[in-house]
Amino acid sequence: MTTGASSAFTEQLRQGNERVLQVVNFRLAGEIYGIPITQVREIILVGNITRIPRSPPQLRGVINLRKQVIPVIDLRVVFGLPEIEIDDSTRILVVQVGNLLVGVLVDAVCEVLRIPHDDITPPPTLREIECPFLTGLSELNGKLIMIIDMARILSDEDLSVVVNKNTASVCGV
């Protein structure tokens with residue numbers, strides 16, 4: 001899987017080529033995360049998700065979005081958090097990384113923020129914690145926002161089967 005989008009985003013963040021980073025903020029297990037708006041194609045209500053037999057636990061299933069079958073990843077499972085019941089706040093962020101379109105299940109979408117580059121700090125480097133998709137941190141009303149790069153999450157080997165362009169390959173077809 002190509003990580004060109006990831007490299008461009010991360011490099012842009014590192015070098016400060018953008019004065020302001022627009023992020024879509026969402027909640028997951030009480031924490032706030034942000035995805036660059038350039039990676040978010042749309043935000044949709046959770047409808048009928050079709051489970052795929054024998055699929056990895058992080059693949060919640062697939063949806064039909066305007067005649068396009070899109071895998072839906074449960075970000076809670078990817079992050080090692082317990083699954084919860086879908087409620088009225090739960091949303092699917094449809095993200096695009098390169099030619100890849102994937103749904104990402106989150107607890108709730110909060111807002112779109114414009115974060116000045118100077119307000120973004122690099123993530124801590126701790127040997128015990130490996131979090132390659134975390135690209136920066138920013139503070140909002142005393143709470144940290146973790147800025148993540150979906151290209152890095154989707155390029156993870158564990159997800160490579162799930163986010164294959166041919167969703168049928170998940171079933172071994």
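Buried here means under 20% relative accessible area. Keep that cut-off in mind as you click through this model, which is predicted.

**Stop one: Thr-90**

Select Thr-90 in the loop between α2 and β6. Its relative accessibility is 5%, so Thr-90 counts as buried. Now show the polar contacts: the Thr-90 side chain reaches the backbone nitrogen of Asp-87 at 3.0 Å. Bring up the surroundings too. Leaving aside residues up to four places away in sequence, Thr-90 touches Val-46, Glu-85, Leu-105, Val-106 and Asp-107.

**Stop two: Val-72**

Go next to strand β5 and pick Val-72. Is Val-72 buried or exposed? With 0% relative accessibility, Val-72 counts as buried. Draw a C-alpha to C-alpha distance to Arg-60 and you should get 5.5 Å, for two residues that are 12 apart in sequence. The contact list of Val-72, again without residues up to four places away, includes Ile-49, the run of Gln-58, Leu-59, Arg-60, Gly-61, Val-62 and Ile-63, and also Ile-92 and Gly-103. Leu-105 touches Val-72 as well, and you met Leu-105 among the contacts of Thr-90.

**Stop three: strands β1, β2 and β8**

Switch to cartoon and find β1, residues 20–28. Strand β1 pairs with β8 in the antiparallel sense, over 8 bridges. Zoom in on Phe-26 there, and you will see it stand opposite Val-109 in β8. Strand β1 also pairs with β2 (residues 31–36), antiparallel too, over 6 bridges. Try Asn-25 for that pairing: its bridge partner in β2 is Gly-34. Then follow the hairpin of β1 and β2 round its turn, where 2 residues sit between the strands and Ala-29 takes a positive phi near 55 degrees.

**Stop four: the aromatic cluster**

Show side chains for Phe-26, Tyr-33, Phe-79 and Phe-133, which form one aromatic cluster. The count for the model comes to 3 aromatic pairs. In the pair of Phe-26 and Tyr-33, the ring centres are 5.5 Å apart and the planes at 15 degrees, so this pair is stacked. Phe-26 has 0% relative accessibility and counts as buried, and Tyr-33 is buried with 8%.

What is the arrangement of the Phe-79 and Phe-133 pair? These rings are stacked, at 4.9 Å centre to centre with 5 degrees between the planes. Colour by secondary structure to see where the pair comes from: Phe-79 is in the loop between α2 (75–78) and β6 (91–97), while Phe-133 is in the loop between β8 (108–116) and β9 (134–140). The two are 54 residues apart, and the pair links distant parts of the chain. Both Phe-79 and Phe-133 are buried.

**Stop five: two positive phi values**

Finish with backbone angles. Most residues other than glycine have a negative phi, and that is why the next two deserve a click. Select Arg-54 in the loop between β3 (40–45) and β4 (59–65). Arg-54 has a positive phi of about 60 degrees although it is not a glycine. Arg-54 is exposed, with a relative accessible area of 85%.

Then jump to Lys-67, in the loop between β4 and β5 (68–74). Here phi is positive at about 70 degrees, and Lys-67 is not a glycine either. Turn on the surface: at 82% relative accessibility, Lys-67 counts as exposed.

Terms used
Residues are numbered from 1 along each chain as its sequence is written. This is a predicted model: local features need pLDDT of at least 70, side-chain atom pairs count only at pLDDT 80 or more; totals for chains, interfaces and linings use all residues. Side-chain values use heavy atoms; hydrogens and water are left out. Rings of Phe, Tyr and Trp (its six-membered ring) pair if their centres lie within 6.5 Å; planes under 30 degrees apart count as stacked, over 60 as edge-to-face and the rest as tilted. Buried means under 20% relative accessible area, exposed over 50%, partly exposed in between (1.4 Å probe, protein chains only). Helices (H or I, at least four residues) and strands (E, at least two) are DSSP runs, numbered from the N terminus. A polar contact is a pair of N or O atoms within 3.5 Å; within protein, one must be able to donate a hydrogen and the other to accept it, and residues adjacent in sequence count only if both atoms are side-chain atoms. Contact means heavy atoms within 4.5 Å. Two strands pair if DSSP finds at least two bridges between them.
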